[in-house]
Amino acid sequence: MAQDLSDMPRQLYSAKAVRQAELDWVAAEQGSLYELVERAGKAAFELLAAKLTQGSRVLVIAGQGNNGADALVCLRWLLNSGFNASLFIFPASQPSTEWQQAWDKLQQSAPKVAQVSEITAAEYDWIVDGLLGTGLKGDVRPEAAVMIARINAARAKVLSLDLPSGIDADTGAALGASVEAEQTLCFAALKQGLLTGRARHCCGELHFVDLGLSDFLPPSDVVRVGAEYLKGLFDARPRDSHKGKSGKVTVIGGDYGMGGAVRLAGEACLRAGAGLVTVVSRPEHQLTVNANRPELMFWGCELVDMEVYLRLGWAQVLVLGPGLGRADWGYNLFKAVSLSDKPCVLDADALNLLSQEKRSQDNRVLTPHPGEAARLLATDTADVEADRFAAVRKLQAQYGGVVLLKGAGTLIYDGKQLFVAPVGNPGLASGGCGDVLSGIIGALMAQGLDNTRATVAGVIVHGGAADLAARDGERGMLASDLMPWIRHLVNTDL
């Protein structure tokens, strides 16, 4: 289940922006860089001390950069407070100035520092990870990778300082190897990479402490969104509402054997509040679509004829792609929708067909997972996952509209602002969940939300529904399990 981050900053930053804010803070004579180290180290101690029990054994692992300096300050506080704490120093060619200051102060204040030369798996209850910081570029060195493997193999719980060692602060990708922490305490500004990609797994429970740099951070075009985004978004409906005023959506897809995809997308449209939903699919799928959901209208399509165009023209919003396939049938429907000027949500094989006939259009929402994103960008999935922020920006620049890059920590970019939505859980990694998301977004667009707000809200409703459904467990969760919770989350006016 996703962690509630509503008490954390909304604006997210790159490591470079945070470093510049630190320099500006010093230049404004607010203090020295070492004073920031002292604040960070004390905050880490306070978080850890609240979790320690009598007799807890702690190992502090300190690299020789400023991240390691934070760890040394934390160690000093632990020792001076009577905790059983030892130190492992991971050497560097040249310790930072702040590291040397922290070391000197540790020696003066707590001269009996127990240093160890290796990590024994069963020896410690907690490990403080101050190995590598935000300055890491490229894969971790082999000797650091060995240390990370030992940390992960230890039975101790891990508190990572600022970010788990080996995680890229800007992208969330693992740089060859990364610490898997139970707790991560982020300092000064929330780093954008911590909310997406591999970092979602490695950070564990995320905490934040403001070191006093807020006034020196510029406005950011990357923002965090969560459940609080939905507050006040859905107004109560007028008492004289009728179905024609609640939005009309046509869902197109479902080639042979894939009728369930349009069925899920169609029901998600209804559960998210659309008044009328028509499904255009293979005639053979009418029973699949209507057997348990008679509220969906259905049009069987063998050929793209005038009746199909009438269904496209009837709708306010089109959802194209669930189960569409890439054969002639799906391609002809793709071409028909391309002729429409209606707002459109493209998913699944509609995206794969778009990758073969590239076209920029501003009134549509693209919803690729990393594999589909790779095809749209003519690259590979690993390249997309290595920098999800760069990938979503490239997709939007090339294809226009609003782009939603699925994954752990979904990204949404409309060309102006980039939203990071750390919502949902691994239970969503099952067939049909993407079809449900497309249906929700289409319904919200049809009810009057602009494409950006509908996409952001759709992601949050989808992830929130998954978290509510996961009360019975993530493993074995089905896309259809989200349906009752979607209805719950789009009624925040109640």
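Let me start with a term: a residue counts as buried under 20% relative accessible area, as exposed over 50%, and as partly exposed in between, using a 1.4 Å probe and protein chains only. By that rule Ala-327, at 42% relative accessibility, is partly exposed.

Hello everyone, and thanks for coming. What you see above is a predicted model, where local features need pLDDT of at least 70, side-chain atom pairs count only at pLDDT 80 or more, and totals for chains, interfaces and linings use all residues. Residues are numbered from 1 along each chain as its sequence is written, and side-chain values use heavy atoms, with hydrogens and water left out.

First, the overall picture. The protein has 17 helices and 17 strands; these are DSSP runs, numbered from the N terminus, with helices being H or I of at least four residues and strands being E of at least two. Taken along the principal axes, the C-alpha atoms fill a box of roughly 85 × 40 × 40 Å. How does the radius of gyration agree with that of a compact globule? For 494 residues such a globule would have a value near 23 Å, and the protein has 26 Å, which agrees. That radius is taken over C-alpha atoms, and the globule rule is 2.2 Å times the number of residues to the power 0.38.

Buried residues make up 56% of the 494. About 20,400 Å² is exposed, and carbon and sulfur atoms supply 50% of that area; accessible areas come from the Shrake-Rupley method with a 1.4 Å probe, and for residues only the protein chains shown count as cover. Now to contacts, meaning heavy atoms within 4.5 Å. Among the contacts with a separation of 6 or more, 70% are between residues 24 or more positions apart.

Back to Ala-327, our opening residue. You will find Ala-327 in the loop between β12 and α10. Its C-alpha atom is 50 Å from that of Leu-132, and the two residues are 195 apart along the chain.

From there, step into helix α10, residues 328-338. Which of its residues are buried? They are Trp-329, Gly-330, Leu-333, Phe-334, Ala-336, Val-337 and Ser-338. Those buried residues pack against α9, α11 and four strands: β9 (248-252), β10 (276-281), β12 (317-320) and β13 (344-346).

Let's visit some of those partners. In strand β13 sits Leu-346, which is buried because its relative accessible area is 4%. Leaving aside neighbours within four places in sequence, Leu-346 is in contact with Leu-320, Leu-351, Leu-354, Arg-364, Val-365, Leu-366 and Thr-367. By contrast, 45 Å separates the C-alpha atoms of Leu-346 and Leu-47, which are 299 residues apart along the chain.

In the loop between β13 and α11 we meet Ala-348. Most residues other than glycine have a negative phi. Ala-348, however, is not a glycine and has a positive phi of about 55°. With a relative accessible area of 16%, Ala-348 is buried. Elsewhere, Ala-188 has a positive phi of about 75°, and again is not a glycine. Ala-188 belongs to the loop between β6 (183-187) and α6 (199-202), and at 3% relative accessibility it counts as buried.

Next comes helix α11, residues 349-356, home of Asn-352. Is Asn-352 buried or exposed? Its relative accessible area is 3%, so Asn-352 is buried. Its side chain makes a polar contact of 2.7 Å with the side chain of Arg-375. A polar contact is a pair of N or O atoms within 3.5 Å; within protein, one must be able to donate a hydrogen and the other to accept it, and residues adjacent in sequence count only if both atoms are side-chain atoms. Beyond four places in sequence, Asn-352 is in contact with Arg-326, Glu-372 and Arg-375.

Another asparagine worth a look is Asn-67, in helix α3 (residues 66-80). Asn-67 counts as buried because its relative accessibility is 9%. A polar atom of the Asn-67 side chain lies 2.8 Å from the backbone oxygen of Leu-161.

Last stop, the surface. Met-306, in helix α9 (residues 306-314), counts as exposed because its relative accessibility is 59%. Together with Tyr-309, Leu-310 and Leu-339, Met-306 forms a nonpolar surface patch with about 450 Å² of accessible area. Patches are made of residues with over 30% relative accessible area and no salt bridge, where like charges are joined within 9 Å and nonpolar side chains (Val, Leu, Ile, Met, Phe, Trp, Tyr) within 5 Å. A salt bridge here is a side-chain nitrogen of Lys or Arg within 4 Å of a carboxyl oxygen of Asp or Glu.

Thanks for listening!
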